[in-house]
Amino acid sequence: MNSKINKGRLQFNDENYEKALNYFDEVDEDDEDYDYVLIFKISCLMELERYDKALFLIDSLLGEDSGDELLLYEKIRCHIALDEKIEALDTLKEFEKVIDKEDKQMMLDVARFYKVLGEFNKALIFCNGALSVDDEFEDALFEKSVVAIALNKDEIVNNCANKLLNIVGYDRFRVLPVFLLKLYLGRFRDCMDIVDNLDGEFKSEILLMLKMVVFNQLSLDLGVNVHIEGDDDISVGQAIDLLFDYDENGVDEGIINNTSFVIM
């Protein structure tokens with residue numbers, strides 16, 4: 001193999017894309033490995049965010065093989081980066097014809113492309129396609145919930161959150177997206193259930209922060225706050241319980257911890 005190609009590959013592997021591109025540019029078109037070099041040049045150009053030049057090379061290769069999955073994938077990325085929505089959607093239609101529908105990651109990638117392009121119904125279809133391959137595919141469930149938020153489909157969001165919770169349990173990092181989804185939906189008791197089950201998983205300061213997030217959002221949604229009078233204080237958890245009681249039973253005043261409270 002041409003020494004310029006070998007040197008370019010070494011620079012590419014070290015993420016020195018400009019230097020790698022310089023070596024690849026020195027390879028002649030009549031070199032037997034020239035098509036191989038073009039793939040590397042495309043990758044370099046995309047890493048350097050020179051999408052118009054990358055697109056020119058991609059189109060030249062697609063002229064020889066219009067169904068190349070990798071090239072179509074990168075062509076979509078270029079059109080999106082260049083804010084060429086119509087061209088991106090046209091390429092996505094071609095891409096759909098060549099991908100393996102049993103490849104859950106590829107189905108999810110298509111969903112993400114459609115989401116970025118604002119085609120949320122199509123994104124939802126491909127999220128469901130990925131989940132038909134693996135109904136416990138966490139990334140697809142979360143992506144589906146994000147798409148459902150854009151479509152104002154709260155029931156779908158909640159179903160995704162519940163499925164995610166069944167899969168991840170109370171793993172302290174994997175459950176946080178579920179907490180955020182429940183917070184968005186105003187399912188504050190579900191949020192508190194997650195926080196309570198994380199006791200011992202996080203430092204007390206983080207748990208307090210999560211409770212404060214719930215309290216603030218619940219107060220905002222109800223349009224009220226908890227006012228107390230007295231020397232004793234109440235915990236954030238107790239304040240949240242007071243708001244629950246206000247919301248569900250209309251209790252707007254009383255005494256807790258020898259402290260009077262009014263919700264208004």
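Two strands pair if DSSP finds at least two bridges between them, where strands (E, at least two residues) and helices (H or I, at least four residues) are DSSP runs, numbered from the N terminus. The structure is a predicted model, in which local features need pLDDT of at least 70 and side-chain atom pairs count only at pLDDT 80 or more, while totals for chains, interfaces and linings use all residues. Residues are numbered from 1 along each chain as its sequence is written, and side-chain values use heavy atoms, with hydrogens and water left out.

**Exercise 1. The sheet**

Task: Describe the order and pairing of the strands in the open sheet, and state which strands stand at the edges.

Solution: Begin with the order, which is 1-3-2 for the 3 strands of this open sheet, with antiparallel pairing. Next, look at the ends of that order: strand 1 (226-229) and strand 2 (253-256) each have a single partner strand, so one side of each is left without a neighbour in the sheet. Then consider the twist, for which neighbouring strands are turned by 30° against each other on average, direction ignored; here axes are lines fitted to C-alpha atoms, for helices over the stretch in contact, and angles otherwise run from 0 to 180 degrees between N-to-C directions. Finally, add the helix that packs on the sheet: helix 14 touches strand 1, strand 2 and strand 3 (contact means heavy atoms within 4.5 Å), and the direction of helix 14 makes about 50° with that of strand 3.

**Exercise 2. The hairpin**

Task: Work out how strand 2 is joined to strand 3, and which residues stand opposite each other.

Solution: Strand 2 and strand 3 (residues 259-263) run antiparallel and are joined by 4 bridges. Following the strands residue by residue, one finds Ile 255 opposite Ser 260 and Ile 256 opposite Thr 259. The hairpin has 2 residues between the strands, and in this hairpin Asn 257 takes a positive phi near 55°.

**Exercise 3. Two helix pairs**

Task: Classify the packing of helix 9 with helix 11, and then that of helix 6 with helix 7.

Solution: Two packed helices are described by the angle between their axes and the distance between the axes. For helix 9 (residues 138-150) and helix 11 (residues 176-185), the axes come within 12 Å and cross at roughly 20°. Helix 9 and helix 11 are therefore roughly parallel (angles under 35 degrees count as roughly parallel, over 145 as roughly antiparallel, 65 to 115 as roughly perpendicular and the rest as oblique). Phe 142, Ser 145 and Ile 149 of helix 9 make the contact with Pro 177, Leu 181 and Tyr 184 of helix 11.

Turning to helix 6 (residues 85-98) and helix 7 (residues 104-116), the axes come within 11 Å and cross at roughly 165°, and these two helices are therefore roughly antiparallel. On the helix 6 side the contact has Leu 89, Leu 92, Phe 95 and Glu 96, which meet Met 106, Val 110, Phe 113 and Tyr 114 in helix 7.

**Exercise 4. Loops and accessibility**

Task: Decide whether Glu 15 is buried or exposed, and do likewise for Asn 152.

Solution: Glu 15 lies in the loop between helix 1 (3-13) and helix 2 (17-25), and its phi is near 65°, a positive value in a residue other than glycine. With a relative accessible area of 56%, Glu 15 is exposed (buried means under 20% relative accessible area, exposed over 50%, partly exposed in between, with a 1.4 Å probe and protein chains only). Asn 152, in the loop between helix 9 and helix 10 (154-168), has a positive phi of about 60° although it is not a glycine, and at 62% relative accessibility Asn 152 counts as exposed.
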